Amino acid sequence: MPAKYVIHHTTAKPRFRPVGKLGIVDWREDCSSCHNCVKRGCVYRLYRDEADTLRDEVGYLDYIYQCKGCLSCVQNCTKNILTRVVNPEYRRLGDSYYTPDLILSTWYQAETGKIPVTGSGYGGPFSGPGFDSMWTDMSEIVRPTRDGIHGREYISTSVDIGRKLSHLTFADGQLNVVPPPLMETPLPVIFDRIPRHWQREAVMTAVTTAAAEIGTLAVLCEADIREKDAADCGHVIPLLESPGPSAVQPCGSAPFVMIPDSPDVMAVQAALKRDTSARIVAIRIPAVPTVAERVADLVREGAEVIHLTFDSHGREQGPVRPRHMRDVLRDTHTTLVKQGIRDEVTLIASGGIAAAEHVIKAIICGADLVAIDVPLILALECRLCGECERGQPCPIALEEIDAEYGIHRIVNLMAAWHSQLLEMLGAMGIREIRRLRGETGRCMFFEDLERDSFGRLFGKRKGGS
């Protein structure tokens, strides 16, 4: 049995004070100046150290909004003058998909490397769009020996990348076929190319170095590959925007390259493998309504790896009501299974993977592994304010980030995600993440439950609505 994969992490303090969610408003005109003021009993010492902290504080409102929300002071104040409020700056974080809570959770994981635990239960809607309409089967969580992050049992998060043989043939007891090249990654997560408006020298160094440190891969456009990246081609996937045999010169020995889809993409793949037969070539395809048929055609022609790309919210391109990654992956996986060619290709999905649970859910829907980009930038304290995209100065000064700090934060984030993957796999009773691919029986889908439970009550009647 191979050694257990572990991502070592240590605390990486943020450069800026994180935007707090909650604060306590104190209506002091009604205060009785109690000697045993409940604020002094704050278990987080938020108000106990208030005077000393605010003496030298520049943006003191940031400090006020560091309340943890236990409500002890609000409930125990004898004059009822304390009120909990939500920080307006917190409400401006992110967007409808990368919500403020998700951003704060990502910051916490990048700082500590630990699984975020709120302890207050889930107070949101019963279901939502996309991945929020899926519930994983945690039936094994009651097992006292379940592993999770505690290391009592072996759980593998490794995945294989490359084309697999559908069958083996032998002659005179000897294998007479040459197995295609395969690459193994210890984590079902690779780093996708970083959008241009976020690219800074230190950011790119942090992403590629962190990928090498944890043993995964990072996609880089050929124009962005530097000499130091070329020296470590084992962890860099060149994205060849103008594919051809000479296009891999910046990283000529790369064992894994990526090319965009095109009418002659299989000829390009053959040319790239002609001189280096052990090289794996991935084909990057935008997710559109007909992508399942396109993927099936490419697999029959010999495609090894297909990288399906979605927008930042995990939606396909084109239609008025685009499908979420969840449905596109299920459609593509099912199409390949029905044609008996699913095991011959590796599917990578990117776009909309915002949390560790999305990795598990994407694999359940049919992906082999995922690629991420936005979470890597969130780990560096990005607030998704849109200023960089508009060409304005970055509020957190991405250009001033120290590369070592960036590496530290990204490694911590992946350590927290890896721990969550182990917890979820252990709770489902699965010891190898490869077995989870396409296992929709390990998940419940809201629309299926709704149809089975209420379909007869709310379905359309014949001859009327």
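**Reasoning from cut-offs to terms**

Trainee: Why is strand 11 (residues 256-260) said to be largely enclosed by the rest of the structure?

Mentor: Four of the five residues of strand 11 are buried, and the strand is therefore described as largely enclosed; buried here means under 20% relative accessible area, with a 1.4 Å probe and protein chains only. This is a predicted model, in which local features need pLDDT of at least 70 and side-chain atom pairs count only at pLDDT 80 or more, while totals for chains, interfaces and linings use all residues. Residues are numbered from 1 along each chain as its sequence is written, and side-chain values use heavy atoms, with hydrogens and water left out.

Trainee: What makes strand 11 and strand 12 (residues 280-286) a pair?

Mentor: Pairing requires that DSSP find at least two bridges between the strands, and five bridges join strand 11 to strand 12, the two running parallel. P260 stands opposite R284 in strand 12. Strands are DSSP runs of E of at least two residues, helices are runs of H or I of at least four, and both are numbered from the N terminus.

Trainee: Why are helix 6 and helix 13 called oblique to each other?

Mentor: The axes of helix 6 (residues 201-214) and helix 13 (residues 403-428) come within 8 Å and cross at roughly 45°. Angles under 35 degrees count as roughly parallel, over 145 as roughly antiparallel, 65 to 115 as roughly perpendicular and the rest as oblique, and the two helices are therefore oblique. The contact, meaning heavy atoms within 4.5 Å, involves residues including A206, A210 and I214 of helix 6 and I407, I410 and M414 of helix 13. The residues of this contact divide into ten nonpolar, three polar and one charged.

Trainee: How do you know that helix 11 (residues 356-365) is largely enclosed by the rest of the structure?

Mentor: Nine of the ten residues of helix 11 are buried, so the description follows; among them are H358, K361 and C365. The elements that cover the buried residues of helix 11 include strand 3 (134-136), helix 10 (325-338) and helix 13. Just after helix 11, G366 takes a positive phi of about 135°.

Trainee: Why is A356, whose place is in helix 11, called buried?

Mentor: A356 has a relative accessible area of 2%, and is therefore buried by the cut-off already given. Leaving aside neighbours within four places in sequence, A356 is in contact with W417, Q420 and L421. The C-alpha atoms of A356 and S419, 63 residues apart along the chain, are separated by 9.0 Å.

Terms used:
Axes fitted to C-alpha atoms, helices over the stretch in contact; angles between N-to-C directions. Nonpolar A, V, L, I, M, F, W, Y, C, P; charged D, E, K, R; others polar. Buried < 20%, exposed > 50% of the residue type's maximum accessible area, 1.4 Å probe, protein only.
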